[in-house]
Amino acid sequence: MVSREERAQATEDKKAWQLLEKTLLASLQEQKRSRRWGIFFKTLTFVYLFGAIMLFSPLAQMESSSVGGPHTAVIELRGMIADQEEASADNLVGALRDAFEDANTKGVVLRINSPGGSPVQSGYVYDEIKRLRALHPDIKLYAVITDLGASGAYYIAAAADEIYADKASLVGSIGVTAAGFGFVGTMDKLGVERRTYTAGEHKAFLDPFQPEKPEEREFWQGVLNTTHQQFISQVKAGRGDRLKETPDMFSGLIWSGEQALELGLIDGLSSTSAVARDVIGADELVDFTHQESPFKRFTRQLGASMGSALATELGFSGPALR
């Protein structure tokens, strides 16, 4: 039999274990609450810091700043000219309109460092420059080529009142290209059969897994020739009698700034600051370049990468001025 003392001791032990269990559970719950609050405050701090960075970053201040006094508006044209890229027609046209409509703008400099790109996007910008110049006859636009102003980039530059470059800049490349791949021999070696179903005799004429047909190659060359003639016409319209045409001028070759000056492709050797100071007469430079948010830039680059990968996979890229 269990004595009264032993029963009392057992009861005391049970109470002690219950108290210890409650204490441990309370401690665990408190730790969980602390972790939740820690995550909450860390997230809140991150959001606050991110917002502060975006609010006080140079890009945000550049977009919201209002410059008083006469200035030269500068717009950067960098990289590939294409839809959804930094140098898309939408971005460039928006920046050009802002620059021309600013009451303190005395002149506009389009600073170019680009290999070219889409003839469509280049054409949009060319036409907008001509339209804005007609609306604002007192504000001239000058193109300044830094490292490279080729193909579609030169197409746009041809709309400027004057074009300047460094003596070592690369200028020109007035031509059109479209590239792809042919995998027919590879498919035969691997023993893979290509099955394509189309409605339309030439619907699959750019399929890299099928043999190229002479009549389709001739057709595609005609498309490129037409685009090339459009390019040439716009350059001639923009440059006028300043061009000293040679047999190679519209062949796709590219020249140094010094050679381009001799050919009449540019008007002088100078830089952005020198043009602002000596030609426009407004030393103050104000950047009107369209600026994307970091998130939009990330999503754009992700989408462009996926689209580029798909085009490469299919072995086709459309006509490009580059």
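Let me start with the lining of the second largest pocket in this predicted model, where the residues divide into eleven nonpolar, five polar and four charged. That lining comprises 20 residues, and the ones that lie nearest the centre of the pocket are Phe181, Phe205, Leu206, Glu212 and Trp220. As for where the lining comes from, helix H7, which covers residues 214–239, supplies the largest share, namely five residues. The volume of this second largest pocket comes to about 380 Å³.

Before going further into the interior, a word on confidence. Averaged over the chain, the pLDDT is 82, and 76% of the residues reach a score of at least 70. There is a stretch, residues 55–66, over which the pLDDT is below 50, and in the model this stretch has nine contacts beyond its near neighbours in sequence. The pLDDT is also below 50 over residues 312–316, a stretch for which the model shows ten contacts beyond near neighbours in sequence. Where pLDDT is low, the predicted coordinates should not be read in detail, and I would ask you to keep that in mind when you look at those contacts.

Now the chain as a whole. It has 322 residues, of which 33% count as buried, and its secondary structure consists of ten helices and eight strands. If we take the contacts in the chain with a separation of 6 or more, 75% of them are accounted for by residues 24 or more positions apart. The chain exposes about 19700 Å², and 57% of that area is supplied by carbon and sulfur atoms.

Let me turn to one residue in the interior, isoleucine 75, which has its place in strand S1, residues 71–78. Why does isoleucine 75 count as buried? Its relative accessible area is 0%, and the cut-off for buried is under 20%, so isoleucine 75 falls within that class. Leaving aside residues up to four places away in sequence, isoleucine 75 touches Leu92, Ala95, Leu96, Ala99, Val108, Val109, Leu110, Arg111, Phe288 and Thr289. One of these partners, leucine 110, is 35 residues away from isoleucine 75 in sequence, yet their C-alpha atoms are 4.9 Å apart in space.

Isoleucine 75 also brings us to the question of enclosed space. How many cavities of 30 Å³ or more are there? The count comes to one, and about 60 Å³ of space lies in the largest cavity. Its lining is made up of Ile75, Glu76, Leu77, Arg78, Glu86, Ala87, Asn91, Leu92, Ala95, Thr289 and His290. The elements that contribute two or more residues to this lining are S1 and helix H3, residues 89–101, and S1 gives the most, with four residues. Sorted by class, the lining of the largest cavity has five nonpolar, three polar and three charged residues.

Finally, helix H9, residues 272–280, whose buried residues are Thr272, Ala274, Val275, Ala276 and Ile280. Which strands are included in what covers the buried residues of H9? The cover includes S1, together with strand S2 (105–114), strand S3 (140–150), strand S4 (162–165) and strand S8 (285–287), so S1, the strand that holds isoleucine 75, appears here again. Just after H9, glycine 281 takes a positive phi of about 85°, and that is where I will stop.

How values were computed:
Residues are numbered from 1 along each chain as its sequence is written. This is a predicted model: local features need pLDDT of at least 70, side-chain atom pairs count only at pLDDT 80 or more; totals for chains, interfaces and linings use all residues. Side-chain values use heavy atoms; hydrogens and water are left out. On a 1 Å grid over the protein atoms alone, a cavity is a set of points where a 1.4 Å probe fits but cannot get out, and a pocket is an open set with protein on both sides within 12 Å along at least five of seven lines; lining residues have an atom within 4 Å of a point. Grid points are joined across faces, edges and corners, and a volume is the space filled by probe spheres set on the points. Ala, Val, Leu, Ile, Met, Phe, Trp, Tyr, Cys and Pro count as nonpolar, Asp, Glu, Lys and Arg as charged, and the others, Gly among them, as polar. pLDDT is the predictor's confidence in each residue, from 0 to 100. Contact means heavy atoms within 4.5 Å. Buried means under 20% relative accessible area, exposed over 50%, partly exposed in between (1.4 Å probe, protein chains only). Accessible areas come from the Shrake-Rupley method with a 1.4 Å probe; for residues, only the protein chains shown count as cover.
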